[in-house]
Structure formats: C-alpha cells, structure tokens
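Okay, thanks for making time this morning. I'll walk you through one complex, so have the structure open and stop me if I go too quickly.

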Amino acid sequence: MLRRFPGFALLCLFVVLFALFSVFSRRFLSAANIEDILSGYSFMAILAIGQAFPIIARGVDLSVGSNVGLGAMVLFDLNMIFGLPGYAAIPMAIAVCALAGTLNGLLVTLLKLQPFVATLATLAAYRGGVYAISGRQLYPELATQSIRDPWIRSLDAYVDVGRWIGLARLVKLPSLPLSFIVLVVVAFAAQTVLSRTRFGLDLKTVGGNPEAAHLAGISVNRVQVAAYTLSGLCAGLVAVVLVARFTTATEATGTGMELPTIAAAVIGGASLQGGVGNALGPILGAFLLGITLVGLTLIGVSQFTQQILTGLILLGAVWYDRATWDRQQAAAARNG
Amino acid sequence: MMAPEGGPKLLRANGVGKRFGSIEALRPTNFSVEAGEVRGLVGSNGAGKSTLIKVLTGAYRPTTGEILLNNEVMQLGDPHTMLRQGIACIYQHSSLVSSLSVLDNIFLGRQPITRFGLVDSRRQQLEAESLIAEYRIEVDPSAKVGLLSTVKQKEVEILKALALRARLIFMDEPTAWLSHSEVQKLHRTIMDLKTKNVGIVYVSHVLDEVFRVCDSVSIMRDGAIVWEGAIADIDRPKLVNIMVGEKLGRASLEAGAQVRRPRGTGEIRLSCRALGRKNVFYDVSFDLYAGEILCITGLVGAKRSDVVHSIFGSAPLDEGYIEMSGRKIRFRSPKEAISNGFGLVPEDRRRDGLLSAHSISDNLVLVVLEKVSRFGVLDRAARRRLAARQMDSLAIVPRNPSAVVSGLSGGNQQKVLIGKWLEAAPSVLVLDEPTVGIDVGAKAEIYAKLRAIRDAGQAVLIISSDLEEVMTISDRIAIMVNGRLEAIHDAGAANREKILAEIGGD
Amino acid sequence: MAERLSNLSRAKQLIPSAFALPFSLFFVAGIFAMLKPAFMSVDNVVGIVHRMATVGIMAEGMTFVIMTGGIDLSVGPVLAIAGLVSFFILQYGAPVFVAVLGGVGTGAVIGAINGAAIAFFKLPAIIVTLATLSIVRGSALIVGGPILHQLPGGLAYSFIGTGFVLSVPFSIWLFAGVVTVMALLQTQTTFGLQVAAIGDNQRASFLSGRPVRSVKLATYIICGSTAALAGIIQSSQVYTASATFGEFGTELDVIAAVVLGGTNLQGGKGSVLRTVIGVLFLGVISSGLNILNVPVDAQLIAKGLIIVVALSLGARAETSE
C-alpha cells in the first residue's frame, strides 16, 4: 500500500472528472475554457505548493490569504504612490511576503505557539496591515486607476503555445497564461527541494519524527522557520501575479484563500500528520478543485453551492487522510 | 565467547552519578565495556538502569564522573554529540522517519551532497552498500521504512549507528515486538558486530536472551551496579535473586504468618479464556474468585498490563473472551467494562489515573457521577459524604476534600485513586502496580485495605513486579513470561526459588 | 517532597493570577479613561456591554469547546444562518418563540455535525470547522442570497435586540442569562465536571468510563447554539437578516475573548466566568481604540497581537508551574 497510491488515484479522479465535465458541457473542453481554468487556478496551485511546506512540517499556514493581500497592496503602493518601477517593486513585494512568512515561523518556534493559532493571529494582523497601508484609502483617487507599469503588466501575458509548436492550424490550443509558467517553474523548484535536497529531507524528518530530527542534529526550529518563509514566498509570487492580472490591488485581495489551499494540499497528499508530501500533488489538488468549480459553473451550479462543495471536499480529503493514516498505523502494529 | 581479559577498554565511565535535586537516581558508578564485548544490563524498574543509559548516551548530563571512549574524554550531555563521538543508542521507540527511504534514514540529517547542493544519491547508495556488505545486514536501501517489518527497522537503526562510525551501541529492549525468528536474526547481527569489535550494551529483561547473546552482565539495583561479571559465572535464579533483592527472605517470613485464601469463597467472578493480542500476549487463561487476591507477577515486559487493558476495553483484544456472571463477553470500552462491574487502577497514576489540577473530591467521584447527582445535577451533600467516606476509610492526608491532588504525596495520590474505584464497588477490582513509588507507611495501609476488601468478598487482581509485595499479599500467584501465562501457584505453598526461576523464564 | 514544592509554587501563582485578570482589566480601562475621560461615562460603559453581548454569548459557548482542546471557527456563518432561519420562520407567520427555537436549533444541528466529525471521526477541529465555515456560509447564501432581508415589522422579535427591561437592554439580560446557565452547568452539573475532567486529563477520564466523545459532541452543540442565539440577537438589533452577517473576524473576537479570559487554548483550565472578564476586556480595548479614533485596520492588527501576547504569557505561566 504505497503512499504513491493516492497520487495515482488522484490522477485517475482528475481524468474521470475532466471527462465527465467534457461530456456534460461542450464548452468545457474548449481552449478558452482551459485558459480560464489555468489562469483562474494556477495561482491557487502555487499557494497550495507553498502550503505543503508547513503541512509537511506538521503545521499549517492560515495566513496565506492575508499575506497575498499584503504583498499585493505593497506592490500597488510602491508602484502607484512611490513610483517605483516594476523591476524594483516586484522583488520588494515578494520579500515582504517572505518576511511575513518568517514571522509566522518565529511565532511558532520562539513563542512556541501552535501553528494554527499563530497563523490565525497573523491572518488578522496582516489583513489589518493591508488596510493600514492601503494606497487606495490614503489616496482615494488611486482607487480607480489601474497600474500601468510595463514590467507588471507584462506578467499578464499569455504564451501562445499553439503557434510555437505549429499545431495552431490543426487545433485551437489554449494559450498558457504566465501564471501557469510561473507555476511550472515553482513546481520544478519545489519538487527538487523536497525530494533532492537535504533541506527537503530534513523537513520531512521534522514533520515525521521531531524526536529523531533532534537526535540527528537537525535544527528543528530553523527548518520550521524556513517552511513558513517558503509559504510566504509563494504568497508573494501569487500577489504579483494577481496584481498583474487585475492591474490593481484591493483590501479584499486574497480573502478566503486559506481554505482552498489547505484542501488542495491535503488532497494532493500532504498529510496533516506530517512528514509526507510532494510538489506535484498539491497542483493536482488545486486543479481538481478548479475543474470541479469551473465545471459546476458551466453546468449552472451557483457560486454559493460551490462554496459548500469546497468545504465538503476539504472534509472528505481530511477524512480520507485520517482513514489512511489509521489504516497504516494498524498495519504497522500487525506487521511487527 | 568472552572478549580478552584485561584488554583495551572501549568505554570507561568513572564514577558517573546523577542527582535530581535531593534524589540520587544513580549513585557514582564505574562502568566499562571492551571492544567486541556484549554486555547485558539488567535491573528492575527504578533500579537506575535507564538513568545510567541516559547518562552514557547523552540524554542526561551526569552530576559527577567522566566518560572515556577509547581513552579519550568525551563531551557530555547531548545525544547528538555523543553520537558523533561514537556512542549510539537504539531506543525502544523508533528514531526513524517512516515516510523516508532506508537510505535517507541511514544518513538522516547528513545526507551527502553534490556540488550543486542536491543530495548525492549515488554516493549514498555506494556507502550504504558497503556498510550492508561489511556488516552483513540485509536490507533494501530504497525501501520505505514505514513499510518494513519491525526487525528490519531495527536493522536500519543499527546501520544508521554504524554509518556514524559508532564504536559502542546501546540496545534498549531491542526485542520488544519481535517474533522468535526475528530475535534470532537480530542476535546473528549482534554476533557479526562483535567480530568487528563493536561494543554492545544489551539492555533487556528477557533473561533468556541475555544468557544467550551476552558475554557478561551488569545487574543494577537501587541506583547502583550490585553485580558484574561473566555470564558463565552466574545462573538465572541467582541473577533474579540479585535483581529483586534479599528483602524477599524477610517478606516470606512475614507472609507466612498471614491467612491465605486461595480461591476465596469458591465463586468464580471472572473467567479468562485464551486471551490474545497479536504480537503482544498469547493464550492467557485464568479464573478469579470472589474473596481472593490473585497476583500476576513477572518481569517488566511480560505484558501483564497489556492483558488487563485488553480485558478492560482500553486496548484491542484479538482472541479469546472473558466470562462474567455467566456471560461470554469482550469489552469494547472502559465504559462497558465498568458498567459490567469491572474496575482498573492503572499503573501510571499521573498519566492515566488522576486529574492533577482537580480536588480530592472531584477525583473520587469521577467514576460514580451517577451516584452523586440527580438528573445530571451534582448533589453536594452526597459528594461530601462520599469524599468523607473514602478519606476516612483510606486515611487520606490532608483530610480536605478540596485539596488539589497534585499537591498530595504519592501514597495519598494512590489512595485517592484506589478510593475512586472502591466507590464504584466493582465485582472485579484490578490494580496495576499499586504501590510503586509509595512510602512504606502508605504501602502497609493499602495492603491492609486490600486484605479487608478481600475478606469482605471482593475479587482482587493485582499486577506487581515487586516480589516482596507479591509474597506478602497474594492468595495465589500467577506468573507471566514474555506474553504467556506460565503457571499459577497457591501462595502458601509457593516455593520461593521456584517462583524466582519461573519469573526468569526457566 | 517534590510534590510539596509544587503545591507551594502553585499557591504562589494561584493567588495573584486569580486577581491578575480583573486587575489588568481595570488597569487598561483606567488608561483609556485618563486619555479620554468620556470613556468612563455611563453611556459608554453600557454601550460597551451592549455591543459585547453577542460576542459574549458566543464566547461563553466557545469556552467549553476550547476547554476540551477543540476550536470552532464556523461561528460566524452560524450566526448568519440562524438569523436567516428565524427570518423565514417569522415570514411564514409563526410566533416569535418558534422562530427563536428554529434559529437556535439550526445552530445546534451544525454544532452536532462539527462535534460528530471531530469527536467521533477524530478529524482535526481546525480543519473541520474551517470546512463547515465554508459549507454553512454557502448554504446561507443559497437560502437567503447575498442580500439583506427586512424583518417583518413585529414588535416581539425586535424586542430581543432592542428592548429594555428595567432600563437595561434585553440583550444584556440574555447575556447574563447565558452566563448564569453556563456557570451553573460548569459548577453544578456532572456535564461541567466532565468537561473539566477531559480538559485536565482526557485519558484518565476515558479510563474512568466517562463518555468522552459524547461530552465533546455536546460542547460543540452548545457552541453552535450560542452562536445561533447571537445571530438572532443581531438580526433583531438591526431589523435585518442576511447571509453575509458574522463576517470574517467574528470568530477571532470570540476566541480572543476566551483566551483573554485565561482559558488555555491547548485544553485544560477554563472558566465561563473568567470568559466574561475576557469579553469585557475585549470590549474595553475595542471601545477604547474606537474612542481614540484608531482605524479599523489597526484594530485587526491589535487583536492579532492580543491573542499572541495572551497566549505566550499563558504558556510561560504554565511552564513555570
């Protein structure tokens, strides 16, 4: 009963759902719709990858939504109020988000707060921060303007894959939004870190058996801080992507993102018990959520029902995670 | 099979001792092991065994003494540093990460890396393979640890220690959870390690194994090593005798004066038939009579507590059933057991028994809330009466129902725990190590109480590793060894030597 | 011996810490009063308590949940849906008490679902209640849409939120009533004793035959019910019901109040009476910040900070015992 099984089952589920929706709605398989899904959920996938790090360390990051909002507003302010060009503002915004993640890590390690409490508190604090620095409130005239910086706007590009490959004449392939390209890069980097670097192994050790980590000389605190910093870093990337797409940032940017990211990460195999997870699973989880919600919209199911379904999916994922864990524990005890 | 006499000492601990405040857990002790020697370390609970191990492996910093490995003074007090200097410990609980591979676990925290900062799996593989070949431990490097059997996991832990160039390996109860053939396998590995001049300290209560695999043995009691020598110079009964102390002689004399009631009134209150839990205990059968005290004794690790918890419903029961009042039953929860007249005073009173932040009165009523309430509302008067009743009956000090339990002495805490269950008036009362860590006075009071309720017709089952206690208070003595019930004797007729031998597993 | 020592240090801590909380409350109130004398006016004080009635009622219900080591993040949407359910029942023409019963019943049912998933299926409380937060919010939006519903003009229902008895707002009477019931539950019933026992030592409670899972389930039912009651009060106060009420931040206020009241978030010691002080504390801080014209955003930051500081101090006190 390999842990890889859920991944395989996940892939199958993904394919099945995809097929189902394609049958029920002709629009589903269209290039335009795929573009919608990609641009609508790539950022969610990036956040889910970021969420995987704290979860693998047996924690959780509830503040990702507020962190995204913070980064978005910082970018907005830097560009619109201080006039910083994109190539300077973007790295700074990302850095702010990463630091916010570091703060989460410090709260968990230095103050020994439970992760959900610490990130619940920062969820509030960072959202407050968004309001505090909101350029739109300080300079109300900016509220109606959109960002014109070329560096930022270029991030909303779409890459016409079809033309590159040359298949454009045969079939209309979806153009890939840049957020998807970013996702691919992040996924590659994250997967490398998680499975091929010492840090990735240390992370799984800290989450899987903190005592063993301590005995092995691993600095549990440093690993945890790094995990939350990485989550913040991903939030920063997403903030930039969202600002590019909407050419503005609002006080509400990022609200409510914590739930889908946790759901996506758990569905993707990052066990809440700690020690298990990879970068590809959360992506599948995020797009699973994505095609479900988009597919449902196309069929005509209301937004509100989708909210219910997101919650139900999270419950189901968590229940499955727990059931698998219990089954593995029982098998280990019998295995002797 | 003996390592050369007077050879170079691998480990030499001089005068290591450990104090906690005014309590001396380990008296200044000398302990030395030679390269290629397998030293057994035995002793009862509280003998100081685990303190010595913790001092030698770095979990504790000793208050006195020094430790030398290969004649070099070691830096103490941190397991990781000790590990780096060459002393490894394979604990009972796993220090492996089940979601990672064997390879990653062997090099936990220090996997070799390439120029680009990535893990160099090829070098890992090569190093692991050479280790596996050198020490003849067969394990698949790419296997996920969580899927391996327990004995294979132990071998991975050994490989992990060897990869760190450990010269001395402590094995703490290494054969817990292992089957017979797996134990053999582990012993073969130990023999191989011997030939490589690795020193091993084999900490175990399974005397069979100690006699089979060790060259020498150190016996601990009361915080010090009381006997040390070649295994060939001692036999099992003598070893057990030394372990549990000569107080036994005195206790036997006193006990002879007590009235014994084996099989009590003749009415069977509890019948256990072929109880079993996979990999823990097997085929345990016995009857318990009203009006008697049956003591189940044995060494730690005989799995007596496991049997009792399985009966009580707080742990699984795979095979067998129990019979109470003519009904064949298996309890699925403590609640069910309690409503069927079963009571269990658990071994660890702090962890499993008491509400430390609550009052004596609150603790006393915890099982019998229905008795002190009407429609869910607490009846203060009834509660006061109940508390007074138990505090008087057991002479609990301070006689203040609102006193917080964490402030009581160990003896009084235990009395509160016992009082709580006496209130429930169960038809079968089980006490697991009822007088551990309790002063002599309180012990005597508790024994008197137990005899009193026995005389009143109560069926009492006591689990005890304290042979003095067992000889003092039991009407019948049952002996468990390694998860099996080996024999039951009438206490009055019990031959002390025979019991010692049986406990040791002869 | 070592235990005798811990008794002493426990006594040393017990005495000051019992007064530490009310002391801090008056201290902080005093500071605000000095900065703006208007703070101490009767009007303002009554206003604080009035505003905190809904949060207070929810905090009372949350206390038991937290004492047994759980948490309920879904109280906000429960508040909203309860108001909606009452509204629909009233619209149907049923009497007020049926509407109230229906609303509270809805909260109880949702609490039961939370409790079942957490206590019986052993799923983590944060995630479960995070999920039900979404599920309930979505359900509320489906049932009532994102709009505001004007309550039918009946006087009886609006009395709940706006009426006065003996010149004290009825909502404060309700708060007092809830506190009384909860305090009685905690101190006079076997249920209260079991909640405290589970918080102190769950394993010992289990081995003593207490129905741990059922007790935990009950705590969530109570929490859902109090959240629903708060929703009814709120909708009555503003004459409207909406699926958008109980917005984000509500659950933070409630948790902050309980934590400020000294209840340990990891489960264990707690008291519904001390939660009242926590509620007042939160009210004083909110009101004080408002009077000083501190913007909403900074208040959010402050609340986050408060939770963090209160918890670290609590954790420090635990370890030094």
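**A walk through the complex**

Let me start inside chain B, with one pair of residues: B:Val430 has B:Leu461 as its bridge partner in β20(B). Before I go on, bear in mind that this is a predicted model. The predictor gives the complex an ipTM of 0.83, and the pTM is 0.83.

So, back to that pair. B:Val430 belongs to β19(B), and β19(B) is joined to strand β20, residues 459–464 of chain B, by 5 bridges, with the two running parallel. There's also β16 of chain B, residues 342–345, which pairs with β19(B) over 4 bridges, again in the parallel sense. If you want a residue to click on there, B:Gly343 has B:Leu429 as its bridge partner in β19(B).

How buried is strand β19 of chain B? In β19(B), residues 428–432, 5 of the 5 residues are buried, so the strand is largely enclosed by the rest of the structure. Look at the two faces: B:Val428, B:Val430 and B:Asp432 are on one side, B:Leu429 and B:Leu431 are on the other, and they're all buried. Yes, there's an aspartate in that list; B:Asp432 is buried along with the others. And going from β19(B) through helix α16, residues 440–455, to β20(B), you get a right-handed β-α-β unit.

Staying in chain B, let's do the sheets. One is an open sheet of 6 strands, in the order β6-β7-β8-β3-β9-β10, and the pairing is mixed. At its edges you'll find β6, residues 87–90, and β10, residues 224–230, each pairing on one side only. On average, neighbouring strands in this sheet are turned by 20 degrees against each other, direction ignored. Within it, β7(B), residues 168–172, and β8(B), residues 199–203, run parallel and are joined by 5 bridges. One example is B:Met171, whose bridge partner in β8(B) is B:Tyr202.

The other sheet I want to show is an open one of 4 strands, β2-β1-β4-β5 of chain B, with antiparallel pairing. Here β2, residues 23–34, and β5, residues 72–73, are at the edges with a single partner strand each, so one side of each has no neighbour in the sheet. β5(B) pairs with β4(B), residues 64–69, over 2 bridges in the antiparallel sense. In that pairing, B:Leu68 has B:Val73 as its bridge partner in β5(B).

Now, which helix packs on this sheet, touching β1, β2 and β4 of chain B? That's α1(B), and its direction makes about 60 degrees with that of β2(B). Helix α1 of chain B, residues 49–57, also lies across β3, β6, β7, β8 and β9 of chain B, running at about 145 degrees to β7(B). So if you find α1(B) on your screen, you'll find strands of the 4-stranded sheet touching it, and strands of the 6-stranded one as well.

Last stop in chain B is helix α18, residues 496–504. Its buried residues are B:Ile499, B:Leu500, B:Glu502, B:Ile503 and B:Gly504. Among the elements of chain B covering them are α7, α8, β13, β21 and β22.

Over to chain A for a moment. Helix α13 of chain A, residues 258–267, has 10 of its 10 residues buried, so the rest of the structure largely encloses it. Just after α13(A), A:Gly269 takes a positive phi of about 100 degrees.

Chain A also has contacts to show you. With chain B, the contact takes 23 residues from each of the two chains. The chain B side divides into 9 nonpolar, 12 polar and 2 charged residues. With chain C, 33 residues of chain A are in contact with 35 residues of chain C. On that chain C side, 14 residues come from α13(C), the largest share. By class, the chain C side has 24 nonpolar, 7 polar and 4 charged residues.

Finally, chain C itself. Its average pLDDT is 84, and 90% of the residues score at least 70. Over residues 1–16, though, pLDDT stays under 50. For one residue inside chain C, try C:Val78, in helix α3, residues 75–91. C:Val78 is buried, with 36 other C-beta atoms within 10 Å. Its contacts beyond four places in sequence include C:Gly107, C:Ile110 and C:Val136. The C-alpha atoms of C:Val78 and C:Ile110 are 7.6 Å apart, though 32 residues separate the two along the chain.

Technical notes: Residues are numbered from 1 along each chain as its sequence is written. Chains are lettered from A and ligands numbered from 1 in the order in which they are written. This is a predicted model: local features need pLDDT of at least 70, side-chain atom pairs count only at pLDDT 80 or more; totals for chains, interfaces and linings use all residues. Two strands pair if DSSP finds at least two bridges between them. Axes are lines fitted to C-alpha atoms, for helices over the stretch in contact, and angles run from 0 to 180 degrees between N-to-C directions. Two residues are in contact if their C-beta atoms, placed from the backbone, lie within 7 Å. A residue is buried if 20 or more other C-beta atoms lie within 10 Å of its own, exposed if 12 or fewer, and partly exposed in between; C-beta atoms are placed from the backbone. Ala, Val, Leu, Ile, Met, Phe, Trp, Tyr, Cys and Pro count as nonpolar, Asp, Glu, Lys and Arg as charged, and the others, Gly among them, as polar. pLDDT is the predictor's confidence in each residue, from 0 to 100. A crossover is right-handed if, with the strands pointing away from the viewer, the path from the first strand over the helix to the second runs clockwise.
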